[in-house]
Amino acid sequence: MKKSLLMIAATASLLTACETASTTVGTNPFVAEKISEFNGDMNTVKSVQDKRRDSFNQMKTDSANAMNDYRTEVSSIYTEISRGAKPADQNLVEKWKVARQKLEKVNDISFDMKILSDTVENDATVLDYTQSSIKSMDQIRGMTREEEMELNRIASEASRKKSEILAFSREIDQEAENNKGYLMAERQNLDDLALSIKQGNMVGGNNTFISRGPQQYGPTNIMPNQQRVIGVSNESMPLISMNMAAKDINYDEPLYQSLSRALERDPTTAFQIVSIAPTMEIARNNVKKVVDTLTEMGMPASRIMIKSSTSNAMTPQVNVYAK
């Protein structure tokens, strides 16, 4: 398999980096030179990772600022509508466009985070080359004990640094996923806001779509088929309780809304799907339907936990809890 151009460039960069680190004087000049080279490589890796971390921190700051700007813009629109606005007011339409642009900036930053994550992961593969080169030094005879100890130290440092880099890559991915959950919820909220502007009044008579961020939500009644979205402020209660007895049950929208609100409160939230039915087969089929729906909505499997149980209750149901 061909190496990526990015990996090749990174390898070349590391191997041509400054070789000013400490050296160990031994009987073989080549060994001392290689030890100096490996130390230089490790110093370069550390310097590069410090810069990657600075870039990531700046992305998080930019993302938080974009979210705040977006919330401010949307709150302004809501205030004008609540005070009374003409249907399809052009001023509000323009403000809505600005809000959408601010929200999409979050998407742009998330894309940059994904690129950074891939770059960081490639940095880890460069350390594979360093470790392999150190391993090949075993074939060289005449090394002093001090030289052998120094090579072992560098190899251990390379292994530790590789683990840190891979953990950093996962951290970046998680932040990008959090932003994705935010975007998924707020794009739907912008659609609701657009309808409110068109009609000149609040859709559904509420403003749940405008105060995004960590907060408490009260109970909200949602749609037919006995779907019930429950406020996320009480963690002992389900976010949503769904009656699975009716045929062609329509739970997608309330399920989406309830999970979106939980993610707004805490973007790192995971979810437990609890299915209760008269038989285990029914319980498992019901939980599979809900999990499939969540997967289609973009929820990663790593953030979904499932539990099925039987009960003498006449009505099978599925409850979703925030964890």
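This note walks through a predicted model of one protein, from its overall make-up to its internal cavities.

1. Overall make-up. The protein contains six helices and six strands. Along the sequence they come in the order α-α-α-α-β-β-β-α-β-α-β-β. Four helices therefore open the pattern, as the order α-α-α-α-β-β-β-α-β-α-β-β shows under the run-based naming of helices and strands.

2. Burial and surface. The protein has 323 residues, and 42% of them count as buried. Its exposed area is about 17500 Å². Carbon and sulfur atoms supply 50% of that area.

3. Contacts along the chain. Take the contacts in the protein with a separation of 6 or more. Residues 24 or more positions apart account for 78% of these.

4. Helix H2. This helix covers residues 29-83, which is 55 residues. At 1.5 Å a residue, H2 should span 81 Å. The C-alpha atoms at its ends are 82 Å apart, so the expected span and the model agree. Gly84 follows H2. The phi of Gly84 is positive, near 115 degrees.

5. Pro254. This proline lies in helix H5, residues 252-265. Its relative accessible area is 0%, so Pro254 is buried, the cut-off being under 20%. Ile240 is 14 residues away from Pro254 in sequence. In space, the two are 7.8 Å apart, C-alpha to C-alpha.

6. Cavities in total. A search of the whole structure turns up three cavities of 30 Å³ or more. The next two points take the largest and the second largest.

7. The largest cavity. Its volume is about 100 Å³. The lining has 13 residues. Those nearest the centre are Glu177, Gly181, Leu263, Gly298 and Arg303. Helix H4, residues 145-199, gives the most to this lining, with six residues. By class, the lining of the largest cavity has seven nonpolar, three polar and three charged residues.

8. The second largest cavity. This one holds about 50 Å³ of space. Its lining is formed by Met184, Tyr256, Leu259, Ser260, Leu263, Leu294, Met297 and Met299. Here helix H5 gives the most, with four residues. Seven of the lining residues are nonpolar, one is polar and none is charged.

9. A residue to look at. Leu263 is among the residues nearest the centre of the largest cavity. Leu263 also lines the second largest cavity. It is a useful place to begin when viewing the two linings.

Conventions:
Residues are numbered from 1 along each chain as its sequence is written. This is a predicted model: local features need pLDDT of at least 70, side-chain atom pairs count only at pLDDT 80 or more; totals for chains, interfaces and linings use all residues. Side-chain values use heavy atoms; hydrogens and water are left out. Helices (H or I, at least four residues) and strands (E, at least two) are DSSP runs, numbered from the N terminus. Buried means under 20% relative accessible area, exposed over 50%, partly exposed in between (1.4 Å probe, protein chains only). Contact means heavy atoms within 4.5 Å. Accessible areas come from the Shrake-Rupley method with a 1.4 Å probe; for residues, only the protein chains shown count as cover. The expected span of a helix is 1.5 Å times one less than its number of residues. On a 1 Å grid over the protein atoms alone, a cavity is a set of points where a 1.4 Å probe fits but cannot get out, and a pocket is an open set with protein on both sides within 12 Å along at least five of seven lines; lining residues have an atom within 4 Å of a point. Grid points are joined across faces, edges and corners, and a volume is the space filled by probe spheres set on the points. Ala, Val, Leu, Ile, Met, Phe, Trp, Tyr, Cys and Pro count as nonpolar, Asp, Glu, Lys and Arg as charged, and the others, Gly among them, as polar.
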